[in-house]
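Dear colleague,

I am handing over the structure below, and some notes on what was found in it follow. Please read them with the structure open beside you.

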Amino acid sequence: MKREVWNTRTGFILAAIGSAVGLGNIWRFSYIAYENGGGAFLIPYLVALLTAGIPLLILELGVGNKFMGSAPVALKRAKKGFEWIGWWGVIASFIITTYYSVIAGWSLVYLLKAFTLGWGLDTGSFFNNELLHVSDSPWNLGGFSYPVLIGLLTTWLIIWIIEKRGVQAGIEKSSKIFMPLLWILLIVLVLRAVTLEGSINGVEWYLKPDFSKLTDVKVWQAAYGQAFYSLGLGMAIMIAYASYLPKKSDLINNAFIVGLADGAFSFTMGFAVFGTLGYMAYAKGVGIEEVVAQSIGLTFVVLPEALNMLPGLKVLTAVAFFMSIAIAALTSLISLVEAFASAVMDKFEMRRSKAVDITIGLELLFSLIYATKAGIYWLDIIDHFINTYGLILVGVLEAVAIGWIYGADKIREWANTYSDIRAGIWWDICVKIITPAVLLYIIYKETLSNLA
Ligand code: PFF
């Protein structure tokens, strides 16, 4: 079977940015920056991006492109015993799709509601009672929450249509529509946020630099964790995407473009998020620390409440916010699904159409658990563990297997062949020493706190 290829380099870059820019950029980055030194956090973040994020991205692109296969097959071609590392990443991707799809489904429900601000005045009650119908314990599944189920099935239908059409007509074409739209929405949201009264206070909280935090190890740990999560490394995604690139590709430049665009999106989105929170605090006459929230609570409870309070352009802003969240989630989900589907195609020499049906069928089946009334409990638990023992651990394994055992220099040579910027010995140091050391430290710390 002939391997599919991207139609254009831009198409690949847009798809890779679509993969990287996800919920992590919208609800994770700004809060982590706020908690870890504000503007000063940009320093550890940039360092993390340059010493681990982008170097490991180059490694993943190199492996996928050199061995022309999705993660398990590509790693096996590097060395027989490495196949399982690829499967570990692929399975972690699989597990993430099962709940990421549910969150994408919620976003679609909110996007629909945004046209009428249909979440009402008590946004917490809307989310917990009307949307999720949260049960009293994880063991009480209590049947499906139907609005969630409908959002979830719609999400899978969209992903299925795109995935069935293949790399060029599906993933690439949809990225060419979704990505420009997402960046336009970002600009609209930032402009709206910063023209609100009180927004400056929010932005000040987001960016007020606290340089004393730079000596705190926790801040550095957060920066490396965020850079890693945001690029979706260790998830077998970038290996699969790079396997669809022609052999004469500028991998290093591509890695820098994707890594920096992802960071730029997060940083800019922070103005929209914290600007809006600043306005909300001002309108309520309270300090920002009383309205600030993170992840799910921020997006589905605090944000709708802030949108309710806007002095004008409520519907437009609400639609823009949830459209951007939905697009960010969908384009990342496509890549997570592709990581698994491409592994199935390569391993069993299966046609795309069949592999996609099997992949999405299984992912949909497992995602149903999160559409039950106890779904949110399971989502929290799985999300907590998969990040540490999925992507971070696979990142370490990749760095050791390819960096030390296979030989970083061989991948470097490959990546350098057609690249404008050439990777020097600095890259070997990042991949062989800095990345595994920092990631191992994160795993160690996380494990300690899980045991406590
Ligand atoms: N990179 C995307 C995000 O930041 O949301 C998608 C993603 C990748 C999510 C890996 C989760 C993950 F573990």
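Valine 319 touches Leu111, Ala114 and Phe115, leaving aside residues up to four places away in sequence; two residues are in contact if their C-beta atoms, placed from the backbone, lie within 7 Å. This is a predicted model, in which local features need pLDDT of at least 70 and side-chain atom pairs count only at pLDDT 80 or more, while totals for chains, interfaces and linings use all residues. Residues are numbered from 1 along each chain as its sequence is written.

Valine 319 lies in helix 13 (residues 314-348), where helices are DSSP runs (H or I, at least four residues) numbered from the N terminus. Valine 319 and tyrosine 110 are 209 residues apart in sequence, yet 8.6 Å apart in space, C-alpha to C-alpha. Valine 319 counts as partly exposed because 19 other C-beta atoms lie within 10 Å, given that 20 or more would make a residue buried and 12 or fewer exposed, with C-beta atoms placed from the backbone.

Turning to the ligand, 13 residues surround it, and Gly22, Leu23, Gly24, Gly232 and Ser332 come nearest; a residue is near a molecule if its C-beta atom, placed from the backbone, lies within 6 Å of it. Helix 2 (23-35), helix 9 (217-231) and helix 15 (375-417) each give two or more residues to this shell, and the largest share, 3 residues, comes from helix 2.

Best regards
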